Amino acid sequence: MGDLLVPLYSLDTASTNDPDSGFRIQRPLAADKHRVAAWVKEHFSERWASETEIAFSDLPPRCFIALDSENQLVGFACYDAAFRGFFGPTGVAPEFRGHGLGTRLLLRSLDAMREAGYAYVIIGGSGADEYYEKTVGAIPIPDSTPGPYREWIKPEE
């Protein structure tokens, strides 16, 4: 599971808004930092929650969230969180998958990165290479395992 490279200059991100879906993609407010990070920790992992907190260290936050019709958090996507130029972490709660939220979060994040001046983005160790290749034209980066993640502290057992 290596890293992927996404060229942003030819990417079509027009499909991020779908007002009829019952879900909304938006940038969270700085005041939502702890709520979003706690949700990420509960549904995914402590490491991803840490990276999500880093995404809130800038204004506007380098993060997008998916909300249902009752303003409940159901998904998230961050960028420039683990490393500059990297997309992720990202995730949608299992019960809300299949509504295109992950794709909408991905496209909105990549659009924000393009607006910030990036021409390319790296998706690190995705585990969903076929999805990213099909959705955004991601290209595998040779010899990128484990990439920059080799420096992480080993988790306690």
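Which backbone oxygen does the side chain of Arg 62 reach at 3.1 Å? I would like to start there, and then move on to the pockets and the aromatic rings.

First, the ground rules: this is a predicted model, in which local features need pLDDT of at least 70 and side-chain atom pairs count only at pLDDT 80 or more, while totals for chains, interfaces and linings use all residues. Residues are numbered from 1 along each chain as its sequence is written, and side-chain values use heavy atoms, with hydrogens and water left out.

Arg 62 is found in the loop between H2 and S3, where helices (H or I, at least four residues) and strands (E, at least two) are DSSP runs numbered from the N terminus. Arg 62 counts as buried because its relative accessible area is 6%, the cut-off being under 20% with a 1.4 Å probe and protein chains only. The backbone oxygen that its side chain reaches at 3.1 Å is that of Ile 54, and a polar atom of the same side chain lies 3.0 Å from the backbone oxygen of Asp 80. Leaving aside neighbours within four places in sequence, the residues in contact with Arg 62 (heavy atoms within 4.5 Å) include Arg 27, Ala 55, Tyr 79 and Arg 84.

Now to the pockets, a pocket being an open set of points on a 1 Å grid over the protein atoms alone, where a 1.4 Å probe fits, with protein on both sides within 12 Å along at least five of seven lines, and lining residues having an atom within 4 Å of a point. The largest pocket has a volume of about 550 Å³, taken as the space filled by probe spheres set on the points. It is lined by 27 residues, and Trp 48, Gly 124, Gly 125, Ser 126 and Tyr 149 lie nearest its centre. The largest share of that lining, seven residues, comes from S5.

The second largest pocket has a volume of about 230 Å³, and its lining includes Arg 24, Asp 32, Arg 35 and Trp 39. Here H1 gives the largest share of the lining, three residues.

Finally, the aromatic rings: rings of Phe, Tyr and Trp (its six-membered ring) pair if their centres lie within 6.5 Å, and by this rule the count comes to 10 aromatic pairs. Ring pairs link Trp 39, Phe 44, Trp 48 and Phe 76 into a cluster, and two of these names have come up already, Trp 48 in the lining of the largest pocket and Trp 39 in that of the second largest.

Conventions: Rings of Phe, Tyr and Trp (its six-membered ring) pair if their centres lie within 6.5 Å; planes under 30 degrees apart count as stacked, over 60 as edge-to-face and the rest as tilted. Buried means under 20% relative accessible area, exposed over 50%, partly exposed in between (1.4 Å probe, protein chains only). A polar contact is a pair of N or O atoms within 3.5 Å; within protein, one must be able to donate a hydrogen and the other to accept it, and residues adjacent in sequence count only if both atoms are side-chain atoms.
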